[in-house]
Each structure stands twice: as C-alpha cells, then as structure tokens.
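Open the model in your viewer and keep the sequence panel beside it. The tour below goes from stop to stop, saying what to select and what is there.

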Amino acid sequence: MCTGLRFTDTDGNLFFGRNLDVESSYGEKVLVTPRNYPLPYKFLEDGKTTKAIIGMGIMAGDYPMYFDACNENGLGIAGLNFPRFAYFPKETVAGKKNMTPYEFMLWVMEEFDTVAEAKQGLQELSLIDSPFSPQMPVAPLHWIISDKEGALVVEATKEHGVQVYDNPVGVLTNNPDFPWHMMNLNNYVGLNPNDAKATMWSKQEVKGLGVGTGSLGLPGDSIPASRFVKVAYLNANYPTVKTEAENVAKFFNILKAVAMVDGSVVNEAGKREFTVYTACYSANTKTYYYNRYNDFEMKKVQMNDENMNADKVTIY
C-alpha cells in the first residue's frame, strides 16, 4: 500500500512525495536520470530525455523504474498500488497513445511540465498490459501527478478505461477508486481541529475529558480509506509554513502520522507490510529528501549541473 501527498508553501513552491508501504525493500535508491538519456518505448517512437528526473526507484538493466519522480521543471508523479481495480488491456487501441504502465511515469516526466499540460495530453492515453520482462509483471497501479498549481489522479479500470481526475485535496492512497475516496470524505464533515464545547444532555453536562475532541472519529487504522481521510484532514488543517526546513518537517509529520509500523499490518499472504521509506521533493531547490524505516536520519539529494548532464543514471 502507499500514501501520496502534495502541498505548497507561502510562496507557492511545491512539496510532493509519498510513503512506500510494502512487504520489504526492493533495493530502491535515489536515481537521477540525466538529460539526453534514451527512452525506449514498446508502442511509441523511441525518444530521449530533454530534462533531468529525480526520484526513488530501481534500475532494470539500463532502464530506470521509478516509484516516484519529479522533473527539473517542477512536475511530480508517484505510482501507488491499486490491486483488484487497475485494469490494462492486452491489445493496443487505434488512435490512442499506447504505452505500458512501467513506461508511463518517465513518459509523463518527459512530455509535460505542468498539471494543465498533463490533463490535456492524457486524454488520448491507453495503458497496455505488456510487462518489462517475464520476471517483472505489470504492477496494478494508479498515479498522482502534481505541480505547484494542483494535482491529478490517473486510473485505468475495466469499467471506465483510463480516467483523469482533478485532485483538490492533494492526497492519494489505494483502493477503492478515487471518486469513492472523495465521496467518503463527506462522512467526516463533522471533524474540526477546534475542541468541542460543553453541552447539556437533558440535565447532564457533557464535556471533553482532554484536547482533540473536535477531531473525535478521525481514522487511525491503516486501511487505504482511513489513510486517505486522515492525510486529507491533516493536509487541510496543518498551518502553511515558510522555510524549506519547516515545509519538509511538515511533510514528514503528516506522512509519518499514517506510516505503517512493522508488525501492525499482516497481509493476506501472511507478509508484514510497513513503511519502507518516506520521501519529499522540494521543486524550488530541486532537492529530494528521504528516510527509511530502519534509519530515521534525513538524507537528501539535489539535482545539479553534474548529475543533470551526466552520461548515465546517477545512483545514490
């Protein structure tokens, strides 16, 4: 499972990232794909990057496979698990931009620099069930795309095909689909950061026994619906802050509030799921911040002239 998040600071600078919640690490590392790097496609003409891309991922041979990524011009994307809902047909569709799900993130990072551009360009998208290799089957994902102006969610289901949704809350988790999560927020209309006032029940005064009574009922479990509600609530009510350090702290404070502690979640296969890493990208300084489950020390990698113009992917 996973949780994605975005917000902006007082100057409109984007902070974007995610929790990765899985059974174990994939050996993921921070990757910087430079400009002029080959982009092979299965159904489109091959291309090359014209802008550098940073994020967390793995290398499949010479091919960078990102879990989340941002390009140098301030557009970010993260792929989150969407099992039992994601559906990709096996055949290409005439008149569409056909590509595989594993190509999608790099394609978006290269093709677009804003959410508005992406929203327009994704209208003719078709995602095809074609794996990178027999050993790497297609992952059932949906995606959150963000810039400093807003966010989108891209989902492909059997019932509706590829759908592109505006995301006004800047949050994404997992199942069910995004419209369901947005409707579900209405069940929590009574949540409030202000403590509830004392009231009378018949002749009995009823009052809070401690702080936090306004948010009584805010979910605290790890299911996707609960994480979506909690992060949307925290993101809406966390004060806007100014400095880079304050915003990075804000980002990690929110996502750590829904991080999975090892041993607290055991999936249907009997595997323990936990938050392997939390990451936040600052578009203003082109800096990728992250820490791992067993190492809470904050680490960071910044895009610079050297790694943006290298002749190969830089791995940290």
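Is Asp113 buried, partly exposed or exposed? Select Asp113 and show the surface: its relative accessibility is 23%, so Asp113 counts as partly exposed. Keep in mind throughout that this is a predicted model.

**Stop 1: Asp113 and its partner**

Leave Asp113 selected and add Lys51. The two form a salt bridge, and their closest N and O atoms are 2.8 Å apart. This pair links distant parts of the chain: Asp113 is in the loop between α1 and α2 (115-121), while Lys51 is in the loop between β5 (47-48) and β6, 62 residues apart. Lys51 has a relative accessibility of 6%, so Lys51 counts as buried.

**Stop 2: the whole chain**

Zoom out and colour by secondary structure. Over residues 2-315 the chain is 18% helix and 34% strand. Mark the C-alpha atoms at the two ends of that range; they are 23 Å apart. An unreviewed UniProt entry annotates residues 2-315 as "domain: Choloylglycine hydrolase/NAAA C-terminal".

**Stop 3: the open sheet**

Now select the strands of the sheet. There are eight, in the order β13-β12-β11-β8-β7-β6-β3-β20, and they form an open sheet with antiparallel pairing. Look at the two edges, β13 (161-166) and β20 (314-315), each of which pairs on one side only. At the β20 edge, select β3 (residues 29-33): β3 and β20 pair in the antiparallel sense over two bridges. Within this pairing, Leu31 stands opposite Ile315 in β20.

Next, add helix α1 (residues 101-111). α1 lies across β6 (53-60), β7 (63-71), β8 (76-81), β11 (141-146) and β12 (151-157). Turn the view to compare α1 with β7; the helix runs at about 45° to that strand.

**Stop 4: strand β1 and its neighbours**

Select β1, residues 2-8. This strand is mostly covered, with six of its seven residues buried. Add β2 (residues 14-22), which pairs with β1 in the antiparallel sense over seven bridges. Thr8 has Leu14 in β2 as its bridge partner. Five residues lie between the strands of this hairpin, and Gly12 takes a positive phi near 80°.

Then add β14 (residues 171-172). β14 and β1 also pair in the antiparallel sense, over two bridges. Here Gly4 stands opposite Leu172.

**Stop 5: helix α4**

Which parts of the structure cover the buried residues of α4? Select α4 (residues 224-237), then look around it: the cover includes β1, β2, β14, α3 (178-184) and α5. Of the 14 residues of α4, 11 are buried, so the helix is largely enclosed by the rest of the structure. Among the buried residues are Phe228, Val229, Val231 and Tyr233, but Arg227 and Lys230 are buried too. From its first C-alpha to its last, α4 reaches 20 Å, close to the 20 Å expected at 1.5 Å a residue.

**Stop 6: more salt bridges**

The whole structure has 10 salt bridges. Select Glu28 and Arg292, which form one with closest N and O atoms 3.1 Å apart. Glu28 is in the loop between β2 and β3, and Arg292 is in strand β18 (residues 287-292), 264 residues apart. Glu28 is buried, with a relative accessible area of 2%, whereas Arg292 is partly exposed at 26%.

Move on to Arg272 and Asp262, another salt bridge, with closest N and O atoms 2.8 Å apart. Both residues are in the loop between α5 (244-256) and β17 (274-282), 10 residues apart. Arg272 is partly exposed at 47%, and Asp262 is partly exposed at 30%. Finally, select Asp295, Glu297 and Lys299, which are joined into one network by salt bridges that share partners.

**Stop 7: backbone details**

Most residues other than glycine have a negative phi, and most peptide bonds are trans. Three places to check follow.

- Asn175 to Pro176: the peptide bond is cis, with omega near -5°. Pro176 is in the loop between β14 and α3.
- Arg84: phi is positive, about 70°, although Arg84 is not a glycine. Arg84 lies in the loop between β8 and β9 (97-99) and is exposed, with a relative accessible area of 71%.
- Ser202: phi is positive, about 55°, and Ser202 is not a glycine either. Ser202 sits in the loop between β15 (199-201) and β16 (204-206) and counts as exposed at 76% relative accessibility.

Note on methods. Residues are numbered from 1 along each chain as its sequence is written. This is a predicted model: local features need pLDDT of at least 70, side-chain atom pairs count only at pLDDT 80 or more; totals for chains, interfaces and linings use all residues. Side-chain values use heavy atoms; hydrogens and water are left out. Two strands pair if DSSP finds at least two bridges between them. Helices (H or I, at least four residues) and strands (E, at least two) are DSSP runs, numbered from the N terminus. Contact means heavy atoms within 4.5 Å. Axes are lines fitted to C-alpha atoms, for helices over the stretch in contact, and angles run from 0 to 180 degrees between N-to-C directions. Buried means under 20% relative accessible area, exposed over 50%, partly exposed in between (1.4 Å probe, protein chains only). A salt bridge is a side-chain nitrogen of Lys or Arg within 4 Å of a carboxyl oxygen of Asp or Glu. UniProt positions are given in the numbering used here, feature names are shortened, and annotations may be inferred rather than shown by experiment. The expected span of a helix is 1.5 Å times one less than its number of residues.
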